[in-house]
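Hi,

Here is the structure I promised to pass on. Have a look at it first, and my notes follow below.

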Amino acid sequence: DILDEGITLLAIKEKCLELGAKNVLSAVLVEKKLSHTKPIAADFVGLEVPNAYVFGYGMDAYGWWRNLSAIYALNE
């Protein structure tokens with residue numbers, strides 16, 4: 001999916017380690033480039049995008065366009 005602020009991904013990684021995982025690697029389809037440092041970095045990133053609302057290819061915008069075969073950004 002998408003790595004935005006990284007808060008959820010960090011919580012998941014910490015919980016897996018707490019439950020006994022020796023190592024946790026993460027992969028994201030899309031990572032947003034933000035102007036500040038995130039609390040976690042994905043180990044594998046498919047595509048970096050600017051800080052915009054992206055949708056398509058499994059990600060929706062307002063409940064629509066999830067099944068598009070490409071990734072688009074909303075003009076806001």
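Helix 1 has the highest mean pLDDT among the elements of the protein, 97, and strand 1 the lowest, 89; pLDDT is the predictor's confidence in each residue, from 0 to 100, and helices (H or I, at least four residues) and strands (E, at least two) are DSSP runs numbered from the N terminus. The protein averages 94, with 99% of the residues at 70 or above.

This is a predicted model, in which local features need pLDDT of at least 70 and side-chain atom pairs 80 or more, while totals for chains, interfaces and linings use all residues. Numbering runs from 1 along each chain as its sequence is written, and side-chain values use heavy atoms, without hydrogens and water.

Now to K38, in the loop between strand 2 (27-32) and strand 3 (44-49). K38 counts as buried because its relative accessibility is 14%, under the 20% cut-off (1.4 Å probe, protein chains only). Beyond its neighbours within four places in sequence, K38 is in contact (heavy atoms within 4.5 Å) with L3, D4, E5, E31 and K32. With E31, the K38 side chain makes a polar contact of 3.2 Å, side chain to side chain.

L3, D4 and E5 are also among the residues lining the largest pocket. Helix 1 (7-18) and strand 1 (2-3) each supply at least two lining residues, and helix 1 gives the largest share, four. The lining divides into six nonpolar, two polar and three charged residues.

Best wishes

Terms used
Buried < 20%, exposed > 50% of the residue type's maximum accessible area, 1.4 Å probe, protein only. Polar contact = N/O pair within 3.5 Å; in protein donor to acceptor, adjacent residues only side chain to side chain. 1 Å grid on protein atoms, 1.4 Å probe; cavity = no way out; pocket = protein on both sides within 12 Å on 5 of 7 lines; lining within 4 Å. Nonpolar A, V, L, I, M, F, W, Y, C, P; charged D, E, K, R; others polar.
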